[in-house]
Each structure stands twice: as structure tokens, then as C-alpha cells.
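User: I should like to go through this model and ask, for each label, on what grounds it is applied. Please set each value against its definition.

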Amino acid sequence: MNNCWFITGTDTNIGKTICSILLLKLACNNGYNTAGYKPIASGSYNHGNKNEDAILLQRFSTIKLKYKEINPFFFIENTSPHIASKKHSISICKKKISLGLYNLKKKSNYILIEGAGGWFTPFSETETIADWVIEEKLNVILVVGIRLGCINHAILTQKAILDSNLKISGWIANYILPNNRYDVEYVNTLKKFLQSKCLGYVKHFRSLNKFYNSKITITLPDFL
């Protein structure tokens, strides 16, 4: 059976990719054949017809994958996928996303699937990414961006996931702001309200190069 998790966050730009990279690096160090998967991506700053997050997942996967294997649906506009897909008349097909995951499972034994935005990001007028995760019965890892408002967002996201009868394998505290005076209090409160275990902490990085070469400070989730 493959180790496979869906990475969601309390918001967009909250650190899902950073945490996914750290987990991929850690899994690699533990002997796994790893693959990152970004089924739906919106926005590109420097790579034209490719998404930066998906490129990073490709870079830190131990198995060699074509870009399309990692990111089957890409839209250049930095907006919600359902808006971009409607603009370009491209329907996001759940069957194609599931087929991509199936093919990755044949090649690797440790897969991290990064969502787009938060838990209920829509990809059509009637469906959200959460609907696909529920159909696939995936275990979830929640990335919490530590800042004002994160406690409420984390509790609400946890409730939505658990109400879907899915398991949260753990959560990660990502310090997205430098020297935020209330970070310790926020994290201590989250530990009381979130039912899953804290997998670790990701400190704030001013430089991505320093991040890529950083010591891993999170632990692998248990696969059940």
C-alpha cells in the first residue's frame, strides 16, 4: 500500500509547498521513492506555462516525472481554478486527476498531493477540491500559517475535514511572519484545539536557498 497524503492549508500562500518539500526530503532520507503531485495549479510568475509550486515538487521528487505527471491542470492566471477554467473553457476532470494519482502510485511508495488554496477551493461551479479528496478517501495533513486569525481558520478547517469522515494525520505550524510576538501563544492554543498531533514547526525563511538547504524540523506522519 502506498503512503499517500493530501496537503491542505488554512488559506492560500500559507506554506503548503514548503511543508511538502520538507516531507519529501525527509521521506527520501528514510529510503522512500517519493513523488509530489499538484493536480490543479493557478498562477505563474517566471515560468510561463508552468507553475512554480509544481516545478518544486518535481525537483524534490526522487523519481523522475514529466511536468504533466505532477500538474495535469494548469492555468496561468493567479485566481481560483474554477474562474480560470471557465475563462479558458477547460473542464477540470476528477477522473483525470484520479488517473494521475493512480499512475504515480505505480511508480512511487510515498506521495504528497498538494491542494490549491484552502480546503474548499472550487474547481467548477458545483465542486471543490475537497470533493475529490473525499472520493479518494485520502488522509490529510493540515498546514497552519501562524499569524493573526490562524486559530479560527485551523479549527474551521479541522471541523470540515473531520465532518467528511476523513483522517487528519497531523498538522504543521509554518511561521510565515518574522518575529511575530504572539507566535508561541498561537501555537500553544492550536495544540489544545486541534485533535491531531503537531508534526513540527517550519521557521520563517528570508531566503529560499537557505530553506532548501535547511535542517528538516518536521517528522513523517504515521500511515494507518
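Analyst: Two strands count as paired if DSSP finds at least two bridges between them. The model is a predicted one, and in it Val143 has Ile172 of S7 as its bridge partner.

User: What makes S6 and S7 a pair, and in which sense do they run?

Analyst: Pairing requires at least two bridges. Six bridges join S6 to S7, and the two strands run parallel; the bridge between Val143 and Ile172 lies in this pairing. S6 and S7 therefore meet the definition of a pair.

User: How do you know that S7 and S8 pair?

Analyst: The threshold is again at least two bridges, and S7 and S8 share four bridges in the parallel sense. Trp171 stands opposite Cys198 in S8. S7 and S8 therefore count as paired.

User: On which strands does S1 border?

Analyst: S1 (residues 3–9) pairs with S5 (residues 110–118) in the parallel sense over six bridges. Within this pairing, Trp5 has Leu112 as its bridge partner, and Gly9 stands opposite Gly118. Five bridges join S1 to S6, also in parallel, with Leu142 of S6 as the bridge partner of Thr8.

User: What is the order of the strands in the sheet, and which strands are called edge strands?

Analyst: The order is S2-S5-S1-S6-S7-S8, in an open sheet of six strands with parallel pairing. S2 (34–37) and S8 (198–202) are the edge strands, because each pairs on one side only, pairing being set at no fewer than at least two bridges. From one strand to the next the twist averages 20°.

User: Why is the unit of S6, H7 and S7 called right-handed?

Analyst: A crossover is right-handed if, with the strands pointing away from the viewer, the path from the first strand over the helix to the second runs clockwise. S6, H7 and S7 make a right-handed β-α-β unit, so the path from S6 over H7 to S7 runs clockwise in that view. The β-α-β crossover from S7 through H8 (residues 183–193) to S8 is right-handed as well. H7 (residues 150–163) lies across S1, S6 (139–145) and S7 (168–174), and runs at about 170° to S6.

User: Why is S1 described as largely enclosed?

Analyst: A residue is buried when its relative accessible area is under 20%. Seven of the seven residues of S1 are buried, so S1 is largely enclosed by the rest of the structure. Asn3, Trp5, Ile7 and Gly9 point one way, whereas Cys4, Phe6 and Thr8 point the other way. In a regular strand the side chains alternate between the two faces of the sheet. S7 is likewise largely enclosed, because seven of its seven residues are buried.

User: What makes a space in this model a cavity, and which residues line the largest cavity?

Analyst: A cavity is a set of points where a 1.4 Å probe fits but cannot get out. The structure holds one cavity of 30 Å³ or more, and about 60 Å³ of space lies in the largest cavity. The largest cavity is lined by Phe6, Pro39, Ile40, Ile97, Glu114, Gly115, Ala116, Ile129 and Trp132. S5 gives the largest share of this lining, three residues, while S5 and H6 (129–136) each supply at least two residues.

Definitions and conventions. Residues numbered from 1 in each chain as written. Predicted model: local features only at pLDDT ≥ 70, side-chain atom pairs only at ≥ 80, totals over all residues. Heavy atoms only, no water. Axes fitted to C-alpha atoms, helices over the stretch in contact; angles between N-to-C directions. Contact = heavy atoms within 4.5 Å. Buried < 20%, exposed > 50% of the residue type's maximum accessible area, 1.4 Å probe, protein only. 1 Å grid on protein atoms, 1.4 Å probe; cavity = no way out; pocket = protein on both sides within 12 Å on 5 of 7 lines; lining within 4 Å. Points joined across faces, edges and corners; volume = space filled by probe spheres on them.
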